[in-house]
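The following report goes through one structure, taking charged pairs, sheet and aromatic residues in turn. Please keep the sequence and the coordinates at hand while reading.

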Amino acid sequence: MSRAPITKAGSERLRGELERLKSIDRPRIIAAIAEARAHGDLKENAEYHAAREQQSFTEGRIGQLEALLSTAEVIDVTQLNPGNRVVFGAIVDLEDEDSGTAVTYQIVGDLEADIKQRLIAVSSPIARALIGKSVGDSFEFSAPNGVKHYEITGVRYS
């Protein structure tokens, strides 16, 4: 079985979420179920059914996080020394060669990818195109809306 890579920061974020689910959300949901039960008839008790649904979602997420974290390979990107080459964990500054706009992404594991936070999965098309390149290199990749052309303007690790 291959182990999914994850950055140290991503592992800490997921462990924080797991801890919050176990220590804050789970007890709150249990209390809500107990309070809803005290109201009587469970067949027509919307609060009870909502709390049970929330409990099911929370327990599922707890199980998912525990499984992911138990099999993930945590990589401390600060210990890597690839120079100015792009490898897993790199924070890459790019310039769109067509529009001139600048963007920054960090290449992370699939488990922690979040495009809203500019965290792209190592298995994504843009990350696969970036791996192994250096500052000053131009590259292209196929995006859903066509071929994109970028230049790497900076690489750092933190």
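Does Arg 20 count as buried, partly exposed or exposed, and what is the relative accessibility behind that label? In this predicted model, Arg 20 has a relative accessibility of 37% and therefore counts as partly exposed.

**Salt bridges**

Arg 20 is a suitable entry point to the charged pairs, of which the structure holds 7 that qualify as salt bridges. In general, side chains of opposite charge can pair when their charged atoms come close. Three of these salt bridges are set out below, each with the N to O distance and the relative accessibility of both partners.

| Salt bridge | N to O distance | Accessibility of the two residues |
|---|---|---|
| Arg 13 with Glu 112 | 3.5 Å | Arg 13 41%, Glu 112 6% |
| Asp 25 with Arg 20 | 2.6 Å | Asp 25 12%, Arg 20 37% |
| Glu 59 with Arg 26 | 2.8 Å | Glu 59 32%, Arg 26 26% |

The salt bridge between Asp 25 and Arg 20 brings together a buried acidic residue, since Asp 25 has a relative accessible area of 12%, and a basic partner that is partly exposed at 37%. This pair does not stand by itself, for Arg 20, Asp 25 and Arg 28 are linked in a network of salt bridges.

The salt bridge of Arg 13 with Glu 112 joins a partly exposed residue, Arg 13 at 41%, to a buried one, Glu 112 at 6%. Arg 13 belongs to helix α1 (residues 8–38), whereas Glu 112 sits in the loop between β4 (102–108) and β5, so that this pair ties together parts that are 99 residues apart in sequence.

In the salt bridge formed by Glu 59 and Arg 26, the former residue lies in helix α2 (residues 46–71) and the latter in helix α1, and the pair thereby links distant parts of the chain, 33 residues apart. Here Glu 59 is partly exposed, with a relative accessibility of 32%, and Arg 26 is likewise partly exposed, at 26%.

**The sheet**

How many strands form the open sheet, and in what order do they stand? The sheet has 5 strands, arranged as β5-β4-β3-β7-β6, and the pairing among them is mixed. Because β5 (119–121) and β6 (138–143) occupy the edges and have a single partner strand each, one side of each of these strands is left without a neighbour in the sheet. On average, and with direction ignored, neighbouring strands of this sheet are turned by 45° against each other.

Within the sheet, β3 (residues 91–96) is paired with β7 (residues 146–156) in the antiparallel sense, over 6 bridges. Asp 96 lies in strand β3, and the bridge partner of Asp 96 in β7 is Tyr 150. Beyond its neighbours within four places in sequence, Asp 96 is in contact with Thr 101, His 149 and Tyr 150. Asp 96 is buried yet takes part in no salt bridge, and Lys 148, the nearest side chain of opposite charge, is 4.8 Å away; a salt bridge would need a nitrogen within 4 Å of a carboxyl oxygen.

**Aromatic pairs**

Tyr 150 leads on to the aromatic residues, among which a search of the whole structure finds 3 pairs. One of these is formed by Phe 139 and Phe 141, which are stacked at 6.4 Å centre to centre with 25° between the planes. Phe 139 also forms a stacked pair with Tyr 150, at 6.0 Å centre to centre and with 25° between the planes. As Phe 139 lies in strand β6 and Tyr 150 in strand β7, the latter pair ties together parts that are 11 residues apart in sequence. Phe 139 and Phe 141 are both buried, and Tyr 150 is buried too; together, Phe 139, Phe 141 and Tyr 150 form one aromatic cluster.

**The segment before β1**

Which residues does Ala 4 touch, not counting residues up to four places away in sequence? The residues are Thr 71, Ala 72, Glu 73 and Leu 111. Ala 4 lies in the segment before β1 (5–7) and counts as partly exposed, with a relative accessibility of 30%. Although Ala 4 and Thr 71 are 67 residues apart along the chain, their C-alpha atoms are separated by 7.0 Å.

How values were computed
Residues numbered from 1 in each chain as written. Predicted model: local features only at pLDDT ≥ 70, side-chain atom pairs only at ≥ 80, totals over all residues. Heavy atoms only, no water. Pairing = 2+ DSSP bridges. Helix = DSSP H or I, 4+ residues; strand = E, 2+ residues; numbered from the N terminus. Axes fitted to C-alpha atoms, helices over the stretch in contact; angles between N-to-C directions. Buried < 20%, exposed > 50% of the residue type's maximum accessible area, 1.4 Å probe, protein only. Contact = heavy atoms within 4.5 Å. Lys, Arg positive; Asp, Glu negative; His and termini not counted. Phe/Tyr/Trp six-rings, centres within 6.5 Å; stacked < 30°, edge-to-face > 60°.
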